[in-house]
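Hi everyone, thanks for making time for this. I'd like to walk you through one protein chain, so please have a look at it with me.

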Amino acid sequence: MVVDPLPLDNRVAMFDKLGVPVVTIGRDVARAEGPWWVAADSAGSTAMVLDHLAEAGARSIAMLSVDIGWSWFADAQQTYREWTADKGTEPILVLARPDKLETSAVSAAAEILDHRHDAVYVPPQWLVPGLLLVAGAWGRRARRPAGLRRCRQPSGPHQRRRSQRSTPTPRGRRCRPSLGVAVVCC
């Protein structure tokens with residue numbers, strides 16, 4: 001198994017060369033024919049969050065993500081671009097460096113806060129503290145919109161039990177409260 005393969009990932013190529021079957025967690029976005037892979041529905045989750053933010057009154061939604069070739073980031077970013085084009089709004093997409101350093105998050109957060117927007121969607125949770133730090137330093141309030149949940153589709157008995165105790169969304173999926181998947185800056 002290969003977790004979060006990069007485009008044309010050398011690990012996948014090595015297994016192919018050895019004739020060893022491989023399954024990736026997330027797909028290699030550069031290999032359309034690719035090996036077997038499993039992934040979350042990042043595109044569907046992104047569209048759901050963007051729709052929720054719009055229904056809550058956001059007219060201009062920015063996205064803070066990471067500049068890396070993992071499929072879940074690529075899918076979320078592509079969905080964001082398509083969603084903004086469909087809504088006739090200008091995309092505000094800022095990509096942080098993938099090093100997970102506080103300076104990367106703070107730098108990307110400062111760049112995104114330079115733009116005018118009603119909400120910021122932040123799928124990689126490790127960027128949220130940097131965004132909140134910069135927003136606070138700039139005197140901007142940040143809050144999670146009421147009712148926002150992170151949805152997980154059940155995939156096993158443990159998740160099924162947990163999701164049955166969770167709160168259903170209007171779309172019928174069962175969800176649990178989430179920390180930092182979206183931040184509204186006023």
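Among the contacts in this chain with a separation of 6 or more, 61% are between residues 24 or more positions apart. Before I go further, please keep in mind that this is a predicted model. The chain has 186 residues, and 38% of them count as buried. As for secondary structure, there are 6 helices and 11 strands.

Let's turn to a pair of helices. Helix α2 covers residues 42-55 and helix α3 covers residues 71-87, and their axes come within 8 Å of each other. The two axes cross at roughly 40°. Angles under 35 degrees would count as roughly parallel, and 65 to 115 as roughly perpendicular, so α2 is oblique to α3. The crossing of α2 past α3 is right-handed.

Which residues make that contact? On the α2 side we have Ser42, Ala43, Thr46, Ala47, Leu50, Asp51 and Ala54. On the α3 side they are Trp72, Asp75, Ala76, Thr79, Tyr80, Trp83 and Lys87. If you sort the contact of α2 with α3 by class, you get 8 nonpolar, 3 polar and 3 charged residues.

Let me zoom in on one of these, threonine 46, which is found in helix α2. Is threonine 46 buried or exposed? Its relative accessibility is 0%, and buried means under 20%, so threonine 46 counts as buried. Setting aside neighbours within four places in sequence, threonine 46 is in contact with Ala76, Thr79, Tyr80 and Tyr121.

Tyrosine 80 also takes us to isoleucine 92, a residue of strand β5, which spans residues 92-96. Isoleucine 92 and tyrosine 80 are 12 residues apart along the chain, and their C-alpha atoms are separated by 9.4 Å. What else does isoleucine 92 touch, leaving out neighbours within four places in sequence? The full set is Ser60, Ala62, Met63, Tyr80, Ile112, His115, Arg116 and His117. With a relative accessibility of 9%, isoleucine 92 counts as buried.

Now for the aromatics. A pair of aromatic rings is described by the distance of the centres and the angle of the planes. The count here comes to 3 aromatic pairs. One of them joins tryptophan 70 and phenylalanine 73, with 5.8 Å centre to centre and 20° between the planes. Planes under 30 degrees apart count as stacked, and so this pair is stacked. Tryptophan 70 and phenylalanine 73 are both buried. There is also one aromatic cluster, formed by Trp70, Trp72, Phe73 and Trp126. You met Trp72 a moment ago, on the α3 side of the helix contact.

Last stop, the backbone. Most residues other than glycine have a negative phi. Where would you look for something else? Try the loop between β1 and α1, where leucine 8 lies. Phi of leucine 8 is positive, near 55°, in a residue other than glycine. Leucine 8 is exposed, with a relative accessible area of 55%. Aspartate 4 has its place in that loop as well, between β1 (2-3) and α1 (10-18). Aspartate 4 has a positive phi too, of about 50°, although it is not a glycine.

That's my tour, so over to you for questions.

Notes. Residues numbered from 1 in each chain as written. Predicted model: local features only at pLDDT ≥ 70, side-chain atom pairs only at ≥ 80, totals over all residues. Heavy atoms only, no water. Axes fitted to C-alpha atoms, helices over the stretch in contact; angles between N-to-C directions. Helix = DSSP H or I, 4+ residues; strand = E, 2+ residues; numbered from the N terminus. Parallel < 35°, antiparallel > 145°, perpendicular 65-115°, else oblique. Left-handed = near helix turned anticlockwise from the far one by under 90°. Contact = heavy atoms within 4.5 Å. Nonpolar A, V, L, I, M, F, W, Y, C, P; charged D, E, K, R; others polar. Phe/Tyr/Trp six-rings, centres within 6.5 Å; stacked < 30°, edge-to-face > 60°. Buried < 20%, exposed > 50% of the residue type's maximum accessible area, 1.4 Å probe, protein only.
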